[in-house]
Amino acid sequence: MIGSSPTVTHLYARAILQAAERQGIALSEAVIEQLVPGQRVPLTVQDQLWDEYCRASDDPLTGLDIGLGLQVGHLDSAGMLLVSCDTLREGLETLVDYAPVVGDGSEFSLSEEGALVSLCYHPGYRVRVAERVEAVMASLVRLAGWATGGAFSPERLLLGHEPLTEPAQYRERLGMSVVFGSDRHCLQFQRDQGALPLIQANSALRDHLRQLADETLAALGQQSLSGQVAYLVRTNPAWGKERVASELAVSGRHLNRLLADEGLSFKVLRERELHRLAVDLLQAGQTVTAVSERLGFSEEAAFARAFRRWEGVTPSRFRAGVC
């Protein structure tokens, strides 16, 4: 199910074309003619586009500026899905699952390290890596700020490369601390920032966009393993590890090893998806009994205990507050 030839949504490629127009940079017709509206862009063409743009620009932080100018629409349905979530943490978890909709063979991971949460980026390309990583990380800072109405306040940005110009210019443009020469590319923020509400939250739109994103990933065949597992759990919440592993043609033990490579475990992933599904179904007006059965709990009391652990309240009280 994982594709071997990464592609990029034409909307993201268009962001670079628009930046070139703003900067008065002329890109070659040989590259531009390969960017067909509505059609995904092969990674090789995206590589050419980035290389031409960076060679023609006299700004060493051109990648950073492209990221700061990125709009939600440039990320295709994944961008709209992200900002329609209820909280920043949910939106970033969604980004981890649906990054392949945007494309380029790269992945995100989300982890907690003490009081900090790290959203890390794992690039899947070899051309203009530093500039492209900076574009992605700058876009995360900008979009997280916009989606929270300016409330998002990140702790620091870690970059795995050395600065492309004076470090002070990064702080000036991003408005935050930047650490260079790290062993990873991560945006770090305090854990309580994850609870920030998103100003465009819309559960009905989110559910619709998630379905469209699932269809896009299925058509692309580029869904990450964690994304495939998350999809199977959402659509078959009563399935356990062995049943999901069987569907993916691997053993349960091997599935856990593969998920560990993405910084996850089946238990954590399943809990996250059951939590999301429970909230969605209760918000839609379904009874606690129906939701408990839908999620595959052996008894309603077990579901109530799990839901209280997730949300801090019983499912009955949660439902009463939204229905």
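In the predicted model, the largest share of the lining of the largest cavity comes from helix α7, which contributes four residues. Helix α7 covers residues 129–147, and together with α6 it belongs to the elements that each supply at least two residues of this lining. The volume of the largest cavity is about 220 Å³. It is lined by 16 residues, and those closest to its centre are Leu75, Val102, Phe108, Tyr121 and Val136. By class, twelve of the lining residues of the largest cavity are nonpolar, three are polar and one is charged. The search of the whole structure returned five cavities of 30 Å³ or more. Empty space of this kind is revealed by rolling a probe the size of a water molecule over the atoms.

Helix α7 also holds Glu131. The relative accessible area of Glu131 is 12%, under the 20% limit, so this residue counts as buried. Leaving aside residues up to four places away in sequence, Glu131 touches Trp50, Cys54, Gly63 and Leu164.

The largest pocket contains about 680 Å³ of space. Its lining consists of 27 residues, with Arg89, Glu93, Arg272, His275 and Arg276 lying nearest the centre. In the lining of the largest pocket, 14 residues are charged, eight are nonpolar and five are polar. Helix α13 (266–283) gives the most to this lining, with seven residues. Contributions of at least two residues each are made to the lining of the largest pocket by α6 (88–102), strand β3 (107–113), α9 (203–220), α13 and α15 (300–311). Helix α6 supplies at least two residues to the lining of the largest pocket and at least two to that of the largest cavity.

Helix α10 spans residues 225–235, and nine of its eleven residues are buried, so this helix is largely enclosed by the rest of the structure. The buried positions are Leu225, Ser226, Gly227, Gln228, Val229, Ala230, Leu232, Val233 and Arg234. These buried residues of α10 pack against six helices named here: α6, α9, α11 (241–247), α12 (252–261), α13 and α14 (288–294). Among these partners, α6, α9 and α13 also contribute to the lining of the largest pocket.

Helix α14, one of the elements against which α10 packs, includes Thr289. Thr289 is partly exposed, with a relative accessible area of 37%. The C-alpha atom of Thr289 is separated by 14 Å from that of Phe318, and the two residues are 29 positions apart along the chain.

Over the whole protein, 16 helices and seven strands are present. The radius of gyration is 21 Å, close to the 20 Å given by the globule rule for 323 residues, so the protein is as compact as a globular protein of that length. The C-alpha trace spans about 65 × 40 × 35 Å along the principal axes. Of the 323 residues, 50% count as buried. Among contacts in the protein with a separation of 6 or more, 68% are between residues 24 or more positions apart. The exposed area of the protein is about 14,800 Å², of which 50% is supplied by carbon and sulfur atoms.

Key. Residues are numbered from 1 along each chain as its sequence is written. This is a predicted model: local features need pLDDT of at least 70, side-chain atom pairs count only at pLDDT 80 or more; totals for chains, interfaces and linings use all residues. Side-chain values use heavy atoms; hydrogens and water are left out. On a 1 Å grid over the protein atoms alone, a cavity is a set of points where a 1.4 Å probe fits but cannot get out, and a pocket is an open set with protein on both sides within 12 Å along at least five of seven lines; lining residues have an atom within 4 Å of a point. Grid points are joined across faces, edges and corners, and a volume is the space filled by probe spheres set on the points. Ala, Val, Leu, Ile, Met, Phe, Trp, Tyr, Cys and Pro count as nonpolar, Asp, Glu, Lys and Arg as charged, and the others, Gly among them, as polar. The radius of gyration is taken over C-alpha atoms; the globule rule is 2.2 Å times the number of residues to the power 0.38. Buried means under 20% relative accessible area, exposed over 50%, partly exposed in between (1.4 Å probe, protein chains only). Contact means heavy atoms within 4.5 Å. Accessible areas come from the Shrake-Rupley method with a 1.4 Å probe; for residues, only the protein chains shown count as cover.
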